[in-house]
Amino acid sequence: ELQSPQSRLKEALSKPELFLKHYLEISELTMGTYKHIGHLRSAKLIGRELAILYMKMNKHQQSLPFLLDLEKTYMVEKWPFLLSDIRKYTLTCFEYLNDYKKQIRYNCLLAATPSLTFEERNTFLNKVFLLLKKCEALSESITLNMDEIFPLIEVGIMECKENSKIRLKFLIESKLCESIAFQNFVVSFHLKSSKSNRKVKSGFETNVKCINNYTNVMKETTSPELVTFASSVMVGVKCPNITECLKRSDSQTNLNVESELRVFSSEHTLQLSSVQVAPGFNEFELEFDCTTNKCGMYSIAQVHLELLPNISFVSVCLPKEIYFDVIYEEPSFKILRPVTFASNELTSGIIQRLSLQLNCGSLHFAKDTVLTIKASRNLKMKLETELDADLKDDITLCLPCNLKPFDIYTIPLLVFTKILNQRDASVTEHQLSLYYTPEQSNPKVLTTYFHATPPFMSNMKLHSLNERKIIEILVHGFSDQSYSLLSPNLKVVGNNSDNISMKQFKNGSQLCVRKDQTAHFVWELFGNAANNSTNILFEMEYKLTKDTSLNCSELQHYECDFKLNDYKTQYSIRAAVEAQKGHEFCRVGSLCYLYVTVERLVMDASCPSIMYEVVADGSFWNINGRTAGVISDTNERVFNLTFEILPLSAGFLPLPSIRLSKYVACQKSDMISVSEAKLVAFEMGQVYNWSRGLQINVLPSSGIIAAE
């Protein structure tokens, strides 16, 4: 039956049991109503009254859900005075239930509450020490949240002075009223292995390097944006981002107050022993040694303070996410730019300084470690400290001291690169290899390359004066330094050395070349070659004109070989332009004749026929009739050709050029396929043109100009 309020009140006042029954029913109904209409705080305040009622009835276990729920709300909404009051009630419940772990936690929280008096906080702290002695005797493991008692204010990476070590800084605030001595301050790291960073086999993961560090700041709360507005009837302030700044909090927010905490187990940790944490801010610095850890990405997983071996304060969240990469770095080997000359360029053909720089990387090189440096072909070297030693292909030296990881060791050298057949300005690549043997490993080699610029180059030109042959050697300079060229010599090597001789034209004792300058050496060639190909060798001595401290003024030898292919003159050409009969001079528009004489000096059995072509500038000459033809095999030595030409402009006109080519006729056979005729150009010096460069004076046309 549905009772009236009066009857229910009378029944509740009749007996204590009935009073409690009706009180709990009305409280439960009221809490449900408040939650239904959204008045969650009012519902939780009723829960507070119920918790106090259960505590008076010595039913502390039943009061805890109401108190813990209200504690979460006050923590979210940041009501410090109300929160401390609720925690006192909660502590009373755990004291009644003899839960030592919870008693220690709430005593620490109350001792770290700034809203309480110093005497109250000190009382709670003393209780903590008493409880810790009991727990130590019972060997119970206790893990507490340090975020409200010892909050971690700042975490950062300080500047790395060494590549293999980094320093981490932690700023912790103690909210207790007394200084606490901790056994250890421990930082645990989480390692994410990175195979791409691993550059070494297992067993050589000892020395590594921190290459990157990152710090991610937690997301900050959005600040309100205020905008003023005014109209004819009102003035006000509005916030456009009100929905982002003010959000209704969920009454069921879970702060994991009762969640189980544990110390993160990790192989990679840093710790400080015998740490004293005083009230206020405390700064700690730890050094992470990369040489004792594996390669990969490290991130801070947890920070905790170890009060006793079984009692720790653990951080739940960090103010910043910090992680860094650790890699293994192989030793490197490079060449420093030489400082011998002002241009700082390495030049071939002279002795120069060259510094080798060895970066130890992640390896440790012990004292007296043997290093062997080997050079590529045509490269000689020696240590700069051994001036009296000879230049060699390889050098062996012992380290005079220990080299730690990432140390740099410089090896000064004197090097000489030989110039070989330098016919252009292309640089020459050379290689240096460093051989070493790491501890407990097989020998390894490091290789580096450098390029040497030639100081000069040499080319050959063949000049003809009918059957006389003149050879010109041109030495063109590329270097800013001046080089003296001495004792030039040109000789024939090979099978034709006995049949051919050279005679040099006198040109002084020595010549000097530098950048954009050219020296010319001229010889006349005598004799006949036994075969079509002749090899000649150009030799000379050279030195730097200005003396240096590296004995670069000593004479060095240079040689370059050239080849002459069938250089003997086979044909000579003579050409002349004459006016037609009855005219003394050639005039514009008047017909003239081009007389060409081709003389065969040597009979070539392989190609007895030749083809001639007359090539003229169309703006100067107009050639009538055929301009090309073939001179077939005949016993005659001289061939005369005549062409009709018409001058087109007045002045000194160059004669049309005459071009000769070897003519290879088509070969017929019984097969269907027939090879076509083709033209083959003569080699350099086989055709000499007496008329090259000649000009003829062509007069204007003989028209009469009447005076006005």
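Strand 31 (residues 610–615) and strand 33 run antiparallel to each other and are joined over 4 bridges. One contact you can look up in this predicted model is Glu-613, whose bridge partner in strand 33 is Ala-628. The two strands belong to an open sheet of 4 strands, in the order 33-31-36-37, with antiparallel pairing. At its edges lie strand 33 (628–631) and strand 37 (678–680), each pairing on one side only. On average, neighbouring strands of this sheet are turned by 35 degrees against each other, direction ignored.

Antiparallel pairing turns up elsewhere too. Strand 15 (residues 370–375) is joined to strand 19 (residues 428–436) by 4 bridges, and here Thr-372 stands opposite Tyr-435. Strand 19 also pairs with strand 20 (residues 444–452), this time through 9 bridges. Among the residues involved is Ser-433, whose bridge partner in strand 20 is Thr-447. As a reminder, strands of a sheet pair through backbone hydrogen bonds, in a parallel or antiparallel way.

Now for the charged side chains. How many salt bridges does a search of the whole structure find? The count is 15 salt bridges. Here are some of them, with the distance between the closest N and O atoms.

| Salt bridge | Closest N and O atoms | Separation along the chain |
|---|---|---|
| Arg-167 and Glu-285 | 2.9 Å | 118 residues |
| Asp-561 and Arg-423 | 3.1 Å | 138 residues |
| Glu-539 and Lys-491 | 3.7 Å | 48 residues |

Where do these partners sit? Arg-167 lies in strand 3 (residues 165–174) and Glu-285 in strand 9 (residues 280–289), so their salt bridge ties together parts that are 118 residues apart in sequence. Both ends are partly exposed, with Arg-167 at 30% relative accessibility and Glu-285 at 31%. Asp-561 is found in strand 28 (residues 556–565), while Arg-423 is in the loop between strand 18 (408–417) and strand 19. Asp-561 is partly exposed at 33%, and Arg-423 is partly exposed at 38%.

Glu-539 in strand 27 (residues 533–544) meets Lys-491 in strand 23 (residues 483–493). Is Glu-539 buried or exposed? Glu-539 counts as buried because its relative accessibility is 15%, and buried means under 20%. Lys-491, in contrast, is partly exposed at 35%. Salt bridges can also share partners: Arg-48, Glu-49 and Asp-85 are joined into one network this way.

Aromatic rings are next, with a count of 26 aromatic pairs. Phe-189 and Tyr-298 form an edge-to-face pair, 6.5 Å from centre to centre and with 80 degrees between the planes. Phe-189 is in strand 4 (residues 180–192) and Tyr-298 in strand 10 (residues 296–308), 109 residues apart. Phe-189 is buried at 1% relative accessibility, and Tyr-298 is buried at 0%. Why is the pair of Tyr-688 and Trp-690 edge-to-face? Their planes stand at 90 degrees, with the ring centres 5.1 Å apart, and planes over 60 degrees apart count as edge-to-face. Tyr-688 is buried at 15%, whereas Trp-690 is partly exposed at 32%. Elsewhere, Phe-456, Tyr-483, Phe-521, Trp-523, Phe-538, Tyr-542 and Tyr-558 form one aromatic cluster.

Finally, look at the surface. Leu-9, Leu-13, Phe-19 and Tyr-23 make up a nonpolar patch there, together offering about 420 Å² of accessible area. Helix 1 (5–14) and helix 2 (16–37) are the elements giving two or more residues to the patch. Leu-13 belongs to helix 1 and counts as exposed, at 64% relative accessibility.

Terms used
Residues are numbered from 1 along each chain as its sequence is written. This is a predicted model: local features need pLDDT of at least 70, side-chain atom pairs count only at pLDDT 80 or more; totals for chains, interfaces and linings use all residues. Side-chain values use heavy atoms; hydrogens and water are left out. Patches are made of residues with over 30% relative accessible area and no salt bridge: like charges are joined within 9 Å, nonpolar side chains (Val, Leu, Ile, Met, Phe, Trp, Tyr) within 5 Å. Accessible areas come from the Shrake-Rupley method with a 1.4 Å probe; for residues, only the protein chains shown count as cover. A salt bridge is a side-chain nitrogen of Lys or Arg within 4 Å of a carboxyl oxygen of Asp or Glu. Buried means under 20% relative accessible area, exposed over 50%, partly exposed in between (1.4 Å probe, protein chains only). Two strands pair if DSSP finds at least two bridges between them. Axes are lines fitted to C-alpha atoms, for helices over the stretch in contact, and angles run from 0 to 180 degrees between N-to-C directions. Rings of Phe, Tyr and Trp (its six-membered ring) pair if their centres lie within 6.5 Å; planes under 30 degrees apart count as stacked, over 60 as edge-to-face and the rest as tilted.
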